[in-house]
Amino acid sequence: APDSYALQAGTAVVGNTYLFFRNLVYLYLKMVNVPKERNTFCASKKCRKHQPHKVTQYKAGKASNFAQGKRRYDSKQMGFGGQTKPVFHKKAKTTRKVVIRLECKKCKTKKQLTLKRTKHFELGAKKADSGHQY
């Protein structure tokens with residue numbers, strides 16, 4: 001086959017088949033295991049080069065009662081008239097995008113990095129040995 005027809009990993013010739021292929025990838029992402037330390041670029045003015053970074057999983061903070069949206073929502077809910085804003089029920093996704101937080105060990109600068117969608121995420125877990133074990 002000519003070079004123009006060469007396939008890349010995970011792609012197919014027909015456009016619709018490619019979309020199907022790409023969506024199938026999600027089914028095979030069983031577990032994502034990320035090491036607790038990663039060597040990556042630090043963009044702060046102190047470093048500006050690759051440094052070891054401490055990796056943690058991002059977690060949303062506690063919602064403030066005094067944020068403008070919360071105050072507006074609470075005042076709209078007051079009194080009679082039931083629920084005033086729509087409540088979301090049609091949940092379609094079975095996976096979540098994982099966000100990791102990287103902290104430079106040298107200058108303590110923090111940055112966030114979004115990973116692909118996955119059902120299970122582990123941080124620094126030991127890999128299980130494949131094959132026969134004695």
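# Worked exercises on a predicted model

Of the 134 residues in the protein chain, 13% count as buried. The model is a predicted one, so keep that in mind as you work through the exercises.

## Exercise 1: The order of elements

Task: Work out how many helices and strands the protein chain has, and in what pattern they follow one another.

Solution. Begin with the count: the secondary structure comes to 2 helices and 6 strands. Next, read along the sequence, where the pattern is α-β-β-β-α-β-β-β. Three of these elements will come back below: strand β2 covers residues 37-42, strand β3 covers residues 49-57, and strand β4 covers residues 96-104.

## Exercise 2: The salt bridges

Task: Find how many salt bridges the structure holds, and describe where the partners of each one sit.

Solution. The structure holds 2 salt bridges. Some background helps here: side chains of opposite charge can pair when their charged atoms come close.

Step one is the pair of lysine 105 and glutamate 37, whose side chains meet at 2.6 Å, N to O. Lysine 105 lies in the loop between β4 and β5, while glutamate 37 belongs to strand β2, so this salt bridge ties together parts that are 68 residues apart in sequence. Now check the surroundings of each partner. Lysine 105 has a relative accessible area of 40% and is partly exposed. Glutamate 37, at 44%, is partly exposed as well.

Step two is the pair of aspartate 74 and lysine 70, with their closest N and O atoms 3.2 Å apart. Both residues sit in helix α2 (residues 68-77), and because they are 4 residues apart there, about one helical turn separates them. Aspartate 74 is partly exposed at 31% relative accessible area, and lysine 70 is partly exposed at 31% too.

## Exercise 3: A patch of charge

Task: Name the residues that gather in a patch of positive charge on the surface, then place three of them in the chain.

Solution. The patch consists of Lys54, Arg101, Lys108 and Lys110. Take three members in turn.

- Lysine 54 is found in strand β3 and is partly exposed, with a relative accessible area of 42%. Its C-alpha atom lies 10.0 Å from that of isoleucine 100, a residue 46 positions away in sequence.
- Arginine 101 has its place in strand β4, where it is partly exposed with a relative accessible area of 30%.
- Lysine 108 belongs to the loop between β4 and β5 and counts as partly exposed at 47% relative accessibility.

For Lys110, look across to alanine 43: the C-alpha atoms of alanine 43 and lysine 110 are separated by 9.7 Å, although the two residues are 67 apart along the chain. Alanine 43 is found in the loop between β2 and β3. With a relative accessible area of 53%, alanine 43 is exposed, because the cut-off for exposed is over 50%.

## Exercise 4: Positive phi angles

Task: Explain what is notable about the phi angles of arginine 48 and lysine 108.

Solution. Start from the general rule: most residues other than glycine have a negative phi. Then compare the two residues with it. Arginine 48 has a positive phi of about 55° without being a glycine. Lysine 108, also a residue other than glycine, has a positive phi near 65°. Finally, look at their places: arginine 48 is found in the loop between β2 and β3, and lysine 108 in the loop between β4 and β5.

## Exercise 5: Histidine 53

Task: Decide whether histidine 53 is buried or exposed, and find which backbone atom its side chain reaches.

Solution. First, locate the residue: histidine 53 is in strand β3. Second, look at its accessibility. Histidine 53 has a relative accessibility of 1% and therefore counts as buried, since buried means under 20% relative accessible area. Third, follow the side chain of histidine 53 to its contact, which is the backbone oxygen of glutamine 51 at 2.9 Å.

How values were computed. Residues are numbered from 1 along each chain as its sequence is written. This is a predicted model: local features need pLDDT of at least 70, side-chain atom pairs count only at pLDDT 80 or more; totals for chains, interfaces and linings use all residues. Side-chain values use heavy atoms; hydrogens and water are left out. Patches are made of residues with over 30% relative accessible area and no salt bridge: like charges are joined within 9 Å, nonpolar side chains (Val, Leu, Ile, Met, Phe, Trp, Tyr) within 5 Å. Accessible areas come from the Shrake-Rupley method with a 1.4 Å probe; for residues, only the protein chains shown count as cover. A salt bridge is a side-chain nitrogen of Lys or Arg within 4 Å of a carboxyl oxygen of Asp or Glu. Lys and Arg count as positive and Asp and Glu as negative; His and the chain ends are not counted. The place of a charge is taken as NZ of Lys, CZ of Arg, CG of Asp or CD of Glu. Buried means under 20% relative accessible area, exposed over 50%, partly exposed in between (1.4 Å probe, protein chains only). A polar contact is a pair of N or O atoms within 3.5 Å; within protein, one must be able to donate a hydrogen and the other to accept it, and residues adjacent in sequence count only if both atoms are side-chain atoms.
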